[in-house]
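Load the model in your viewer and keep the selection panel at hand. The stops below begin at the ligand and move outward.

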Amino acid sequence: MLPDSIRTELAAIAGKEWFLDRPEDLLAYSYDATPLHQALPDGVVLPESTGQVQAILRLASREGIKVIPRGSGTNLAAGTVPVEGGLVLALTRMNRVLEVDAENLTATVQPGAITAPFQAQVEALGLFYPPDPGSIQVSTLGGNVAMCAGGLRGLKYGVTKDYVLGLEAVLPSGEVLRTGGKVMKDVAGYDLTKLLVGSEGTLAAITEILLKLVPKPETKRTILALFPDLADAARAVSAIIAARIIPATLEFLDQGTARVVEEYAHAGLPTDVEAVLLIEQDGAPAAVDHDIERIAALCREARASDVRVAATPEEAAGLMTARRTALAALARLRPTTILEDASVPRSRLAEMVQAIGAIARKHGLRICTFGHAGDGNLHPTCLTDARDTEEIGRVEEAFAEIFATAIELGGTITGEHGVGAAKAGYLEWRIGPTGIELMKRLKDAFDPQDILNPGKMFARTARKRVVVRW
Ligand SMILES: Cc1cc2nc3c(=O)[nH]c(=O)nc-3n(C[C@H](O)[C@H](O)[C@H](O)COP(=O)(O)OP(=O)(O)OC[C@H]3O[C@@H](n4cnc5c(N)ncnc54)[C@H](O)[C@@H]3O)c2cc1C
């Protein structure tokens, strides 16, 4: 618990009702969407302005109190779990869209604005903000920026970092840093904007975001392609890209995931094929029609057993909803669902999926895999039970082997969910000791007292690299 004097000061900064430290409040902010990770904070503060964030961080630095920035808590890397206690800085009240500038194609938002309503707001103006994490109905734009969220449209449109033009952020000292701006070209100095994107709340609290918008695509069409053989699905993915077609989404579901999703969403997904590809193309109508025909032909050439082009927007929306509900569908089966994230070069996708299957069998686990086939980003999802410590031990071993395999195949331990506390022990596998040392020095330059989001990104002890034999 924080001393009375600090509690009084925080209540004076944010307003009495916006400083919380009743046990039920602390419990509510002790976890995020990541299973197996939980720790109580000492307090929660919900500022409504940059000035209040400055005052809170100044106080925290003066008193040596840890501060954990937080949006909606949907991250899957234990990024907002207060592993060393401290103060949760919940930015959800700073949730306004401050400006949509149709001339410069930009939007200025506060960090607590929710992604989906913001997207709908700009789309109503004929504009488009492409990053679309599966959590868009809940996640905040601040959380998206701090995690560099990806999503279903990453292949064609890129991820959050590709749309952040500038930031306002408060440093642990309470100073305000402004980076970037509405200019489309700017090479003045180091790119601090990009450094803060994906910094996971460890360098600064983001208080304002300048986003790039693009024109809204005129139309969109969707294809479902079914493959009795996984390797053929992977060949279809490569063939589509080799044909110089970049679909807006190119999603993959393995048989286990398709079965569970179908039981849950009744979207007409088959349950007897090894791989399902869900492909969307958007753009001008004639170009979309041309691409969709080519994609369908390429899938058939790659031995798809069935290729269905959605006839209506409703049918298309139903298919994509099936993909978006994958996690919810899987989560019904066992008490604990661990959704992981690993990325490999697109050309190694089939090998990665097969390796995940072999690792799951070796450890006697149920792991379903789905993800963004177009960019090689897979989400192996383990259905387990946190109360069974023996099984959880096997789950951890299996995921260590999955991350090691991803690296061996030229990939990475996380494509979009971030490092947080959950993967801190693995970061060195990916970036090596020199990378870790340099990142620690960057952290020290921003946050010399280690006030912001401690215990994230850098592990106290690194995981020993496993050798995989599957
Ligand atoms: C069902 C589901 C589907 C998902 N699908 C995807 C997906 O497709 N792609 C993807 O990339 N992710 C996905 N995620 C993960 C998650 O939604 C994203 O990481 C999202 O960006 C987190 O946003 P948030 O507002 O919940 O942030 P939080 O979880 O609250 O915070 C995330 C991190 O950002 C930091 N942070 C938050 N706000 C700020 C701020 N203003 N300043 C500084 N640091 C801050 C926090 O300290 C923390 O480290 C999914 C999660 C779920 C539950």
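This is a predicted model. Select G150 and the ligand first: a polar backbone atom of G150 sits 2.8 Å from an oxygen atom of the ligand.

Add N144 to the selection. One of its polar side-chain atoms is 2.9 Å from a ligand oxygen atom.

Then pick I206, where a backbone N or O atom lies 2.8 Å from a nitrogen atom of the ligand. With the ligand still selected, turn on its surface: on its own it has 970 Å² of accessible area, and the protein covers 93% of that.

Which elements give two or more residues to the shell around the ligand? Colour strand 3 (67–70), helix 5 (141–147) and strand 10 (205–212) to see them. Helix 5 contributes the most, with 5 residues.

Now show the whole shell. There are 35 residues around the ligand, and those that come nearest are P69, G71, T74, S135 and T140. Colouring the shell by class gives 19 polar, 13 nonpolar and 3 charged residues.

Move on to strand 3 and display its side chains. Are its faces covered or open? Both are covered: V67 and P69 are buried on one side, and I68 and R70 are buried on the other.

For the last stop, add strand 4, residues 87–90. Strand 4 runs parallel to strand 3, and 4 bridges join the two. Select V67 once more and look across to strand 4, where L87 stands opposite.

Conventions:
Residues numbered from 1 in each chain as written. Predicted model: local features only at pLDDT ≥ 70, side-chain atom pairs only at ≥ 80, totals over all residues. Heavy atoms only, no water. Near = heavy atom within 4 Å. Polar contact = N/O pair within 3.5 Å; in protein donor to acceptor, adjacent residues only side chain to side chain. Areas by Shrake-Rupley, 256 points an atom, 1.4 Å probe, with all protein chains shown as cover. Helix = DSSP H or I, 4+ residues; strand = E, 2+ residues; numbered from the N terminus. Nonpolar A, V, L, I, M, F, W, Y, C, P; charged D, E, K, R; others polar. Buried < 20%, exposed > 50% of the residue type's maximum accessible area, 1.4 Å probe, protein only. Pairing = 2+ DSSP bridges.
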